[in-house]
Amino acid sequence: MADQKRLVILGSTGSIGRNTLKIVEAYKERYQVVGLGGARNVELLLEQVKRFRPQYSCLLYEEDYSTFKDEFERLGCQLLWGKDGYRRLAALDGVDTVVSAMVGAAGLLPTLSAVESGKCVALANKESLVVAGHIVMASARKHGAKILPVDSEHSAIFQCLNGEKRETLRCLILTASGGPFWELSKEAMDEVGVDDALRHPNWSMGAKITIDSATMMNKGLEVIEARWLFDVEVDKIKVLVHRQSIVHSMVEFVDGAIMAQLGSPDMRIPIAYALSWPERLDLDVERISLTKIAELTFEEPDFGRFPLLALGFEAAQRGGNVPVVLNAANEMAVEAFLRREIGFGAIWRVVEMVTKRIEFSPCDSIEEVQYWDGIARLYAEEAIRKEDKG
Ligand code: MG
């Protein structure tokens with residue numbers, strides 16, 4: 001079929017990747033999967049390859065590559081591995097859209113490869129804009145690549161800005177659910193366990209982002225993401241806590257009008273929009289009943305109990321290596337928390353300790369981004385060891 005969109009999905013075994021494949025399955029006549037990038041979940045990747053028959057796929061480790069290469073090849077699928085594999089997958093000839101859904105700063109280089117080869121990028125990997133937004137956006141302009149947000153808040157803003165003039169924008173209002181601990185005191189938050197933190201009230205997502213939602217670091221990262229994606233000054237970005245997760249974000253204009261996008265908290269909606277834009281797909285999702293919901297509430301965020309949100313705003317303002325360091329320290333701290341090496345309250349202490357130790361640097365190249373990312377991870381390891389010893 002000539003006008004089928006050809007897709008590469010980086011992070012196909014994660015939550016966004018699996019939801020993307022659900023949409024592809026429902027719209028086989030519109031989408032064709034050319035490449036799938038997984039990480040360690042070989043079993044699921046193999047299953048996906050059997051079902052969607054891509055020409056290429058990629059795993060994280062060489063040992064998995066050696067073990068499974070033949071099995072993938074028998075399915076007519078060339079297996080790649082590691083960072084170079086992901087970059088190759090992202091830049092494949094004849095691909096229209098790359099869904100960038102890897103977890104963390106590891107998604108930066110593949111995303112950049114997709115951008116440099118002028119693809120349309122459906123961006124779920126917010127970290128690539130958090131750590132190198134200035135570089136990625138400049139490269140997108142240079143190579144004519146379109147970046148379409150998959151993050152639900154940014155998809156909402158993107159939809160609200162549709163057809164509007166930039167100079168009429170007054171501010172962006174990112175909504176936040178507040179996560180599972182919005183009602184808890186800071187002391188009580190120190191006591192929560194991994195299972196409590198993984199229980200998000202509204203959204204079903206991967207482990208890393210669910211913990212980031214519980215600390216509200218996720219919203220801080222989204223402020224940085226919005227700053228680059230929409231080229232808006234940080235003081236024009238606000239955050240409101242909206243417990244129901246029905247209003248996915250808003251835009252206020254100079255005439256006092258506020259546009260909002262509403263819908264059930266289902267990632268298939270923003271994913272499908274990024275895949276089908278400027279069209280919309282008829283999706284089999286739960287329809288919201290406004291009369292059943294009856295009440296939509298909005299509150300100011302509490303920076304005292306959620307210091308990582310404050311650090312996110314600060315990093316967005318300062319730019320340079322600050323968001324790189326913040327993100328790397330947070331990734332390390334969240335991993336340590338998930339391994340049950342440090343407590344929930346230690347996540348922000350580790351991040352704060354690391355960000356305080358590092359001096360400002362402009363960070364104008366990918367090499368510098370990687371350098372500061374590495375330093376921050378070393379410092380974070382030290383801080384985690386200190387916390388671990390108590
Ligand atoms: Mg989001």
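This is a short dialogue on reading the pockets, the cavity and the metal site of a predicted model.

Q: How does one find out where empty space is left?

A: Good place to start! Rolling a probe the size of a water molecule over the atoms shows where empty space is left. In this predicted model, let us take the second largest pocket, which holds about 500 Å³ of space.

Q: Which residues lie nearest the centre of the second largest pocket?

A: Look for K146, F158, R166, L229 and F230, which lie nearest the centre among the 20 lining residues. Two or more residues of this lining come from each of α6 (127-143), β7 (146-149) and α11 (217-229).

Q: Which element gives the most to the lining of the second largest pocket?

A: That is α6, which contributes four residues.

Q: How do the residues of that lining divide into nonpolar, polar and charged?

A: You can sort them into 11 nonpolar residues, three polar ones and six charged ones.

Q: Which domains does the lining of the second largest pocket draw on?

A: Both domain 1 (5-150) and domain 2 (155-389) take part, with at least three residues from each. Try colouring the two domains on your screen and finding the pocket again.

Q: Now the cavity. How many cavities of 30 Å³ or more does the structure hold?

A: There is one. The space in the largest cavity comes to about 60 Å³.

Q: Which residues line the largest cavity?

A: Its lining is made of S152, S155, Q159, W203, H248, Q261, S264, D266, I269 and P270. Two elements, α7 (152-160) and α12 (268-276), give two or more residues each. The largest share, three residues, is from α7.

Q: What kinds of residue are found in the lining of the largest cavity: nonpolar, polar or charged?

A: Six are polar, three are nonpolar and one is charged.

Q: Let us move to the metal. Which residues are the protein donors of the magnesium ion?

A: To read a metal site, start from the ion and look for the atoms that serve as its donors. For the magnesium ion they belong to D151 (OD), E153 (OE) and E222 (OE), at 2.0 to 2.1 Å. Along the sequence, these donor residues follow the spacing D-x1-E-x68-E.

Q: Are D151 and E153 buried or exposed?

A: To decide, compare the relative accessible area with the cut-off: under 20% counts as buried. D151 has a value of 7%, so D151 is buried. E153 is buried too, because its relative accessible area is 8%.

Technical notes
Residues are numbered from 1 along each chain as its sequence is written. This is a predicted model: local features need pLDDT of at least 70, side-chain atom pairs count only at pLDDT 80 or more; totals for chains, interfaces and linings use all residues. Side-chain values use heavy atoms; hydrogens and water are left out. On a 1 Å grid over the protein atoms alone, a cavity is a set of points where a 1.4 Å probe fits but cannot get out, and a pocket is an open set with protein on both sides within 12 Å along at least five of seven lines; lining residues have an atom within 4 Å of a point. Grid points are joined across faces, edges and corners, and a volume is the space filled by probe spheres set on the points. Ala, Val, Leu, Ile, Met, Phe, Trp, Tyr, Cys and Pro count as nonpolar, Asp, Glu, Lys and Arg as charged, and the others, Gly among them, as polar. Domain bounds come from an automatic or database domain assignment. Donors are N, O and S atoms within 2.8 Å of the metal (3.2 Å for Na, K and Ca); water is not among the atoms, so sites may look incomplete. Buried means under 20% relative accessible area, exposed over 50%, partly exposed in between (1.4 Å probe, protein chains only).
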